Every structure is written in structure tokens, then in C-alpha cells.
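This report looks at how one helix packs against its neighbours. It then turns to several single residues.

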Amino acid sequence: MANDDKDIELCLVVTASHLSNELGYTVDEIRQDGIPISYEIEMLIGSDTPRAITKSSATLMIGLADLLEKERPECVLLLGDRYEIHAACTSTMLANIPIAHIHGGELTQGLIDDSIRHSITKMSHIHFVVAETYRRRIIQMGEDPKYIYNVGGLGVDAIKNTSIKDKRTLEREIGFDFGEKSLIVTHHPTTLKTASDNKEEIESIIKALELHSDINLLFTGVNADTYSRVIFDTVKKFCSRRRNAIIVNSLGKDRYFSCLAYADGVLGNSSSGIMEVPYFKKSTINIGDRQAGRIRMPSIIDCGTGVKEISEAIDRLFSPDQQILVSQMHSFPYGYGGASNQIIEILKNLDTRDLTTKKFNDIMSK
């Protein structure tokens, strides 16, 4: 880890949902892991409308403007494709500080995150990707191949560094019984759709799950995205009337991965279902087009947002044929671990002084 490396001085900035009581105040989990936090920047406005998200982004940019002027880091390391990461990237670019970005080159065609991710790529100078396909896509975007590194997925590192909890201990901690059949449900807003579209989508999921009353359901919290509250409120009402369903705002890394080890599978539209769940040799029912474009494994069951389609996908997940298929998986496109150490070594040995002067790598002229 970078905070243990004597050659790197880590300045960790925590913001957004990590500091939200409504979303679990997960900054405490960072502290429990023993990682020192340099700065906390409050940014979330108490609403999930596009207007509020825009104002939240502006608040973060103002806070980062002062921080970056004070610290003047040699490089800022960013991960992902969320709006707060875009705000951080914009602030850093305007401060003329080199940016290293993790998870570029991917596609999620059902989300505004797709545009955000590609925009971050064009503002960044160093690129850490999780698969060769994504490396080639960033080259296609005009970035210098010299600074694009295929290191694999950080999620794999997190899995390998997690000690799976004892099942009974875990059940007591979260107040959930995995029983004979169980699913983890993680469904986030599809940000290119309207509030009514997102409400209709989560209601279809609930109706499909009502057809399978024998399955114990563990819902995880919703991202701090546009229209997130309509999903949270619908799920909360459902859990209040179904005895074998609960919602936990934030399980934390260790509990989440431990739950994946004991549940029969995952349902929803989270990237974790595509990129992490397969390593547990469990199936994922991926609903809708939120993750359209990501590399798939045979364990992924894609389905539409209709009640009948979701219900049939649940039946397929529990079918003997699907269970055999998943148990025989042996090749994983997102690597086998070691991404963290590779990133640290690359950053330690990279001269970042002239990186902010970028040239477009024009593949059309070659």
C-alpha cells in the first residue's frame, strides 16, 4: 500500500458519500483500516436532483482549489467515473498538476458516467487500465501508449486481501440469515433516464422478487447519484413488509466480500456484479443497460427491466446448468491481483515534470 511505502507521501482526500450520515458515513471504515486521512471536504447537498449534483460538484471544486494550491502534489491519483471524480479532475487540470487515472477506457453506455470517464481520460496524463481492450480504446482516444498501463483490476486485490468472515458471525453482525437461498441486491440509478424511469425499474425488480418469496434478500445501499432516493425509498418500503429482506446502507469491504462468499448470487446493475462477483464463482443478474459495454464473463445473466424477464433470470441463476457453468470458470479478464503494487512502482519511477504538456497520438496518420 502507498501509505506504507517510504518513497511515497500519501495525501488522502475524503469527500462525497463517505461523509454522509444518510449513506453510512463510511469515512469510519477508512479510519478503521488504519489509513491516515489528510483532508475531508463536505460537498453533498441534501438532494439528488441534477441541480443539486451540479452544485455539489462546484462545492468540491472550490474546496480542492485551495487544497491543491497549498499541497502542490507531484501527481493526483483518481479512480473511476463518478461526477465527484470529474470535479476533482477538472480542478487538478486547471492547477496544472499531472493526473493519473484508474479504470479508464471502459464503457457503461446506460450512464452519464460514460461521458464523464472519457472526459477524465482526456484530462489525465497517466492511465491505469484493467484489461487490454481498454488500453487499446484509450490509444484510440489519442493518448500516448507510453503512459497507458494494463495493471488489472483493483477489486481483485481487495478480494485477495480480505479475510472472509465466519458465516454465523457475519449473520449476527448484519442481522441477516442466508438460509437455503439468498441473493444480494445492488441496484443504482440509471442516470441517463428520468426519475419515473428509475422508479419503474426498481418497482419491476420488486415485483419480480415478490414472485420468489423463498429467497432471502440482502439489499445494499444506493450510490449518491441523481434519483437515488426513489430507489432507496422503494426498497425500504419493500423490506419493511417482507420478513426475509433487509437493507444495509454500507456493508464495508470485508462484510461485502464475505456476503458474496455465502450468497447464491447478485442481482441489480452494479459494476461489482460484472467485475468482482465472478471471482467468487457466483452468478450475477445484470438488469438493464447501466453496464452495457463492459467485458462479460459466462456468470453474467443479462436481462431487461420487465418483471417476467427478471423472474426468468432468477430461475436461471438457480438452475443446475448455470451452477455448473459458473463452477467451471477459470479465466478472468480483469487480472489475478497485483494491480496496487504495479501502480505504486510505476508512479515511483515515473518523471512527472513534463507530463502536463500533452500531444495527441493521432492513429489516423500512422
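## Helix H8 and its surroundings

H8 and H12 cross in a right-handed sense. The model is a predicted one. The axes of H8 and H12 cross at roughly 50° and come within 8 Å. The pair H8 and H12 is therefore oblique. On the H8 side, the contact uses Ser 204, Ile 205, Lys 207, Ala 208 and Leu 209. On the H12 side, Val 307, Ile 310, Ser 311 and Ile 314 take part. By type, the residues in the contact of H8 with H12 are six nonpolar, two polar and one charged.

H8 also packs against H9. Here the angle is about 25° and the axes are 9 Å apart. An angle under 35 degrees counts as roughly parallel, so H8 and H9 are roughly parallel to each other. The crossing of H8 and H9 is right-handed. H8 brings Ala 195, Asn 198, Lys 199, Ile 202, Glu 203, Ile 206, Leu 209 and Glu 210 to this contact. H9 brings Val 230, Ile 231, Thr 234, Val 235, Phe 238 and Arg 241. The contact of H8 with H9 divides into eight nonpolar, two polar and four charged residues.

How do the length and the end-to-end distance of H8 compare? H8 runs over residues 195-210, which makes 16 residues. At 1.5 Å a residue, H8 should span 22 Å. The C-alpha atoms at the ends of H8 are 23 Å apart, which agrees.

Which residues of H8 are buried? They are Asn 198, Glu 201, Ile 202, Ser 204, Ile 205, Ile 206, Ala 208 and Leu 209. These buried residues pack against strands and helices alike. The strands are S7 (182-186), S8 (216-220), S10 (265-268) and S11 (283-287). The helices are H9 (228-241) and H12 (307-317).

## Buried residues

Four residues from other parts of the chain follow. For each, the table gives the place and the relative accessibility.

| Residue | Place | Relative accessibility |
|---|---|---|
| Thr 190 | loop between S7 and H8 | 1% |
| Asn 244 | loop between H9 and strand S9 (245-248) | 9% |
| Ser 272 | helix H11 (residues 271-275) | 9% |
| His 101 | strand S4 | 1% |

Take Thr 190. Buried means under 20% relative accessible area, so Thr 190 at 1% counts as buried. Beyond its neighbours up to four places away in sequence, Thr 190 touches Gly 110, Leu 111, Asn 198, Glu 201, Asn 269, Asp 289 and Arg 290. Two of these partners, Asn 198 and Glu 201, are among the buried residues of H8.

Asn 244 is buried too, at 9%. With residues up to four places away in sequence left out, Asn 244 touches Phe 176, Ser 213, Asp 214, Ile 215, Asn 216 and Leu 217. Asn 244 and Leu 218 are 26 residues apart in sequence. In space, their C-alpha atoms are 8.5 Å apart.

Ser 272 counts as buried at 9%. Setting aside residues up to four places away in sequence, Ser 272 touches Tyr 256 and Val 277. Thr 284 is twelve residues from Ser 272 along the chain. The C-alpha atoms of Ser 272 and Thr 284 are separated by 9.3 Å.

His 101 counts as buried at 1%. What does His 101 touch, not counting residues up to four places away in sequence? The partners are Leu 78, Leu 79, Gly 80, Arg 117, Ile 120, Thr 121, Ser 124, Ile 126, His 127 and Phe 128. Ile 314 is 213 residues from His 101 along the chain, and their C-alpha atoms are separated by 36 Å. Ile 314 is one of the H12 residues in the contact with H8.

## Positive phi in two loops

Most residues other than glycine have a negative phi. Arg 72 has a positive phi of about 45° although it is not a glycine. Arg 72 lies in the loop between helix H2 (50-71) and strand S3 (76-79). At 45% relative accessibility, Arg 72 counts as partly exposed.

Asn 96 also has a positive phi, near 60°. Asn 96 sits in the loop between helix H3 (83-94) and strand S4 (99-102). The relative accessible area of Asn 96 is 49%, so Asn 96 is partly exposed. His 101 lies in that strand, S4.

Methods. Residues numbered from 1 in each chain as written. Predicted model: local features only at pLDDT ≥ 70, side-chain atom pairs only at ≥ 80, totals over all residues. Heavy atoms only, no water. Helix = DSSP H or I, 4+ residues; strand = E, 2+ residues; numbered from the N terminus. Expected span 1.5 Å × (residues − 1). Buried < 20%, exposed > 50% of the residue type's maximum accessible area, 1.4 Å probe, protein only. Contact = heavy atoms within 4.5 Å. Axes fitted to C-alpha atoms, helices over the stretch in contact; angles between N-to-C directions. Parallel < 35°, antiparallel > 145°, perpendicular 65-115°, else oblique. Left-handed = near helix turned anticlockwise from the far one by under 90°. Nonpolar A, V, L, I, M, F, W, Y, C, P; charged D, E, K, R; others polar.
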